[in-house]
Amino acid sequence: MQHYTFDCIYLQIDMDTIEVSNLNRQFLFRQSHVGQSKAKVARDAVLRFRPHISITPYHANVKDSDFNVNFFKQFNVVLNGLDNLDARRHVNRLCLAAEVPLVESGTTGFLGQVTVHVKGKTECYECQPKPAPKTYPVCTITSTPSKFVHCIVWAKDLLFAKLFGDKNQENDLNVRSNDSCSSSENKNNVFERSDDEDWEQYGRRIYDHVFGYNIELALSDEETWKNRTKPRPMYSRDVLPDKMTQQNGNADKTDDLSPASAMASLGLKNPQDIWCLMENTRVFLEALKLFFTSRKKEIGNLSFDKDDQLAVEFVTAAANIRAASFNIPLHSLFEAKGIAGNIVHAVATTNAIVAGLIVIEAIKVLKKDGCYRMTYCLEHPSKKMLLMPVEPFEPNKSCCVCSQTPLSLEINTHRSKLRDFVEKIVKAKLGMNSPLIMCGLALLYEVGDDLEKDMIENYTANLEKVLSELPSPVTGGTMLTVEDLQQEFTCNIYIKHREEFDEEKEPDEMVLSGWTQAPPEKKDDKTSIGNGASTSKSLPTEPMYAQKDTEVKEISDGTASPGKKRKLPEFSEGCTLDQSNDADETMNHKKIQKLDDDDDDLVMLDHWGKDTCKKQRSQ
Amino acid sequence: MAEPKAKYDRQLRIWGEHGQAALEKATICLLNCGPTGSETLKNLVLGGVGSITVIDGSKVEPGDLGNNFMVDESCVGQSKAKCVCTFLQELNDAVKAKFIEEYPEALIGSNPSFFSQFTIVVATQLVEDSMIKLDKICREANVLLIFARSYGLTGFVRISVKEHAVIESKPDHFLDDLRLNNPWPELKRFAETIDLNVTDPVAHKHTPYVVILVKIVEEWTKAHSGALPSTWDEKKEFKELLKAGMVAMDEDNYKEAIEASFKVFASRGINSDLLRDNA
């Protein structure tokens, strides 16, 4: 923000508070600001070096209904510094509806990008669908993990959720235990502590069940292990034969000032150490005990939070024990936390570069320059260039967002419910927040604050009905209209009935088409040596294990270098950048809005498929 | 320090403990703290650099307020080095920040040995004459030197360092050596047991791609007096050779072999220059 020297009105939206880990790059904040609202502190900091401008901070979520099309219409340009796809899509739609140019951006480590989206002139943010967040097949997580991340997902989304989360949630942890030999009674009681068990006994019993018994059960299926290394069942009596001695600190102490930590109790000081199997076992048992004793009120409601030290310790230990079982290398708490928490690495320099580029593009927008560039920051120079500017493309004619192209959906109208359609298609795939679904003139479903009770009942009932049995039946040939009024985004979906779906490739039993999808990338993209592509490890992933929505194909996030699949653009000669430093004096009464979300900025990298080359360049 | 500071968590995930330690040991000297120099130092300070020494002889003028957010109205008339230093210190109190109110050109001329104490000297907005002098000084003192100049929306950065070793290069791509062009005895024997031209189509498409490569590489080196494909044309030829071995379109093993052929091209062993080097 320090670059913006216009005499204009700024509004900034950020729902986040300042964290210590922000301080290595978010230089408007100081140690003393930790815990305070980012929007407010940033505003104060800027006013200190630019006292006479108008900045209004909003400590709020950009998806709030207050930030509607009229709100966005106030601005000459919108600058995004968001950290998730959902919010970006939402703002994209609002900017299209309000006809305000949008400057998008993101960073991850040494990579970054800035893109400009002007309605009618360039592609909108969604013209190139962004790759879906990485998911793993259910069986890989529950039965055949081969990488450490699979163990983390198991520990976080299955074991942690089962022990400390909502007990009523469906959980695949014991999916193998659906054997005839274990009665359902048995299954339910395994995770309940009996009255005569102390915490260590309980912990060991859980340990033996998930790391011992469940593995033995999995081994009984010979077919699975024909071409795979067999896992080893682990039993706590073998790994940790002696009872854990009472460590310092009575777990029942209620006046303990510092939050419970298994590492602290056990004297493990360095999060970068890789614990051995025995240490992991100790941490597992100790963390479990601490959760049930010093945090018992939260049990049943907990979800994993990367800033929850005890949760991170538990997940690290559990993942490591599982990894040991499956011959996968163990990791330190530091590494495990990064994977489990989807932590994006970040440094001050990349953000500084991207910020500078944002300003340059913003100035072009305000001057109606038209010579916009999408600029990509590479990690290593490619053809001697570290920044790769690219001319924007014309809007994608089959973009369902800015070109209002209709889509089609293959679905079994006798089997799939409206709820599936709403959750997986309308909200997840289409990114609508508060959708409204119509079949002809009939309203099948809507979300809103001021709905009448009988309408809500009606919609709730509709959700549970299969499509063909809705009050206004939805069958093959029906056209559904789906809208989000806040985003001013309408989409027409033509329904095609289909009986059968591939269980592995199409587990949702719904196939949406008509919107150019990013083709899936090969898993091992390390073959692309010498053309500047970065590794997939540097790319962010969102929650990795979607309970029922896992897709078999691992769709990896696109690579950082769009140069990989298309040639470098030639710089158009007719385009001159404003060289003057006095830009600030000439910009009056222009309004800029800056949007921020979490501390960790993610880069949403466009996937450059073969068809990119054929598209029209916009001038 | 055993426990990494939470503040540096996000960057530790880029350069690790050793990288952070190197940063924290470094002492930086900045010449001229205009916008370019200040911005440079800001990023280093945020990252936890060991110490900074700001050298600038000028005073803050009203014109500076519009392009350097490290100085504010209250600084006008004061030493720019002092003001920038104060601001930078606020950004990270773990960094030792010092300033000297003196013009860099004067220092270069009068006290060249001053620079030997630093790990890196960042020299901004110097004229060529001064840059040349400073470069000589730093080379002799074995101090890393970075020049930067900016002019409006353009500028340059120039690094002047002696040859040095990079030990933890953290490569993005790890090129595994399958010893395809120099197989060890067991691999060689294994490859010998397989006939690439087996008539059974099922067996043909199940030949492991590694074996295909080992055999084709052998054929190639025999025909090229021991050399591996090195030019673009040769590599292409090699791939064509692989393709020629396919009998059906759906032979994934051959496709894999073609895709992995780059593993054959990279030369192995220690670079001959390195072997010759006596330094």
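User: Patches are made of residues with over 30% relative accessible area and no salt bridge (side-chain nitrogen of Lys or Arg within 4 Å of a carboxyl oxygen of Asp or Glu), with nonpolar side chains (Val, Leu, Ile, Met, Phe, Trp, Tyr) joined within 5 Å and like charges within 9 Å. How much accessible area does the nonpolar patch of Ile353(A), Leu386(A) and Leu387(A) have together?

Analyst: This is a predicted model, in which local features need pLDDT of at least 70, side-chain atom pairs count only at pLDDT 80 or more, and totals for chains, interfaces and linings use all residues. Residues are numbered from 1 along each chain as written, chains are lettered from A and ligands numbered from 1 in written order, and side-chain values use heavy atoms, without hydrogens and water. By the Shrake-Rupley method with a 1.4 Å probe and only the protein chains shown as cover, the patch of Ile353(A), Leu386(A) and Leu387(A) has about 220 Å².

User: Is Leu387(A) buried, partly exposed or exposed?

Analyst: Leu387(A) is found in strand 7 (residues 385-390; strands are DSSP runs of E, at least two residues, and helices of H or I, at least four, numbered from the N terminus). Buried means under 20% relative accessible area and exposed over 50%. With a value of 33%, Leu387(A) is therefore partly exposed.

User: How far apart in sequence are the parts that the pair of Phe164(A) and Phe292(A) ties together?

Analyst: Rings of Phe, Tyr and Trp (its six-membered ring) pair if their centres lie within 6.5 Å; planes under 30 degrees apart are stacked, over 60 edge-to-face, the rest tilted. Here the centres are 5.5 Å apart and the planes at 45 degrees, so the pair is tilted. Because Phe164(A) lies in helix 5 (residues 148-164) and Phe292(A) in helix 10 (residues 277-294), the separation is 128 residues.

Definitions and conventions
Buried means under 20% relative accessible area, exposed over 50%, partly exposed in between (1.4 Å probe, protein chains only).
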